[in-house]
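User: I would like to go through this model by question and answer. Please keep to what can be computed from the atoms.

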Amino acid sequence: MVTPPDVSIPVLLYGLAVLGGFGFLWFYYDRRDRTRYDVERRKITFHCIRCDELYTERKGTEIAPCPRCGHANVHLKF
Ligand SMILES: [Zn+2]
């Protein structure tokens, strides 16, 4: 039976903890970026016919008021 040196176990545990920490951070930021990207992709662009303002609203919105002049614009389907 082989007994490992006293030092290797704490070092191994420390290495695993560091790797686990990095793995967790990577996973966390990857998830967060993907969620943000999804929100951006679900937005649609409106164009105000009164003041020429361009603005975005969530996908599925048919009529959105212009943030500059308040004119309700209908989403144009191409
Ligand atoms: Zn406007």
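The turns below cover the basis of the model, the metal site, the strands and the core.

User: What kind of model is this, and which pLDDT do local features need?

Analyst: Residues are numbered from 1 along each chain as its sequence is written, and side-chain values use heavy atoms, with hydrogens and water left out. This is a predicted model in which totals for chains, interfaces and linings use all residues, side-chain atom pairs count only at pLDDT 80 or more, and local features need pLDDT of at least 70.

User: In what order do the elements of the protein run from the N terminus on?

Analyst: Helices (H or I, at least four residues) and strands (E, at least two) are DSSP runs, numbered from the N terminus. The protein has one helix and four strands. From the N terminus on, the order is α-β-β-β-β.

User: Which residues coordinate the zinc ion, and what is the geometry of the site?

Analyst: Donors are N, O and S atoms within 2.8 Å of the metal (3.2 Å for Na, K and Ca); water is not among the atoms, so sites may look incomplete. The SG atoms of Cys48, Cys51, Cys66 and Cys69 coordinate the zinc ion at 2.3 to 2.4 Å, and in sequence these donor residues follow the spacing C-x2-C-x14-C-x2-C. Four donors count as tetrahedral if all angles lie between 85 and 135 degrees. The angles among the four donor atoms are 106 to 113 degrees, and the site is tetrahedral.

User: Is Cys69 buried or partly exposed?

Analyst: Buried means under 20% relative accessible area, exposed over 50%, and partly exposed in between (1.4 Å probe, protein chains only). Cys48 has 0% and is buried, and Cys66 at 5% is buried as well. Cys69 has a relative accessible area of 30%, so Cys69 is partly exposed.

User: Which side chains of strand E1 are buried?

Analyst: In a regular strand the side chains alternate between the two faces of the sheet. Along E1 (residues 43-47), Lys43, Thr45 and His47 point to one face and are not buried, while the other face holds the buried Ile44 and Phe46.

User: Which residue in E2 stands opposite Phe46?

Analyst: Two strands pair if DSSP finds at least two bridges between them. E1 and E2 (residues 54-58) run antiparallel and are joined by five bridges. Opposite Phe46 stands Tyr55.

User: Which residues make up the largest nonpolar core?

Analyst: A nonpolar core is a set of buried Ala, Val, Leu, Ile, Met, Phe, Trp, Tyr and Cys residues joined through side-chain atoms within 4.5 Å. The largest one has six residues: Ile44, Phe46, Cys48, Tyr55, Ala64 and Cys66.

How values were computed:
Tetrahedral: all angles 85-135°; square planar, octahedral: opposite > 155°, others 65-115°.
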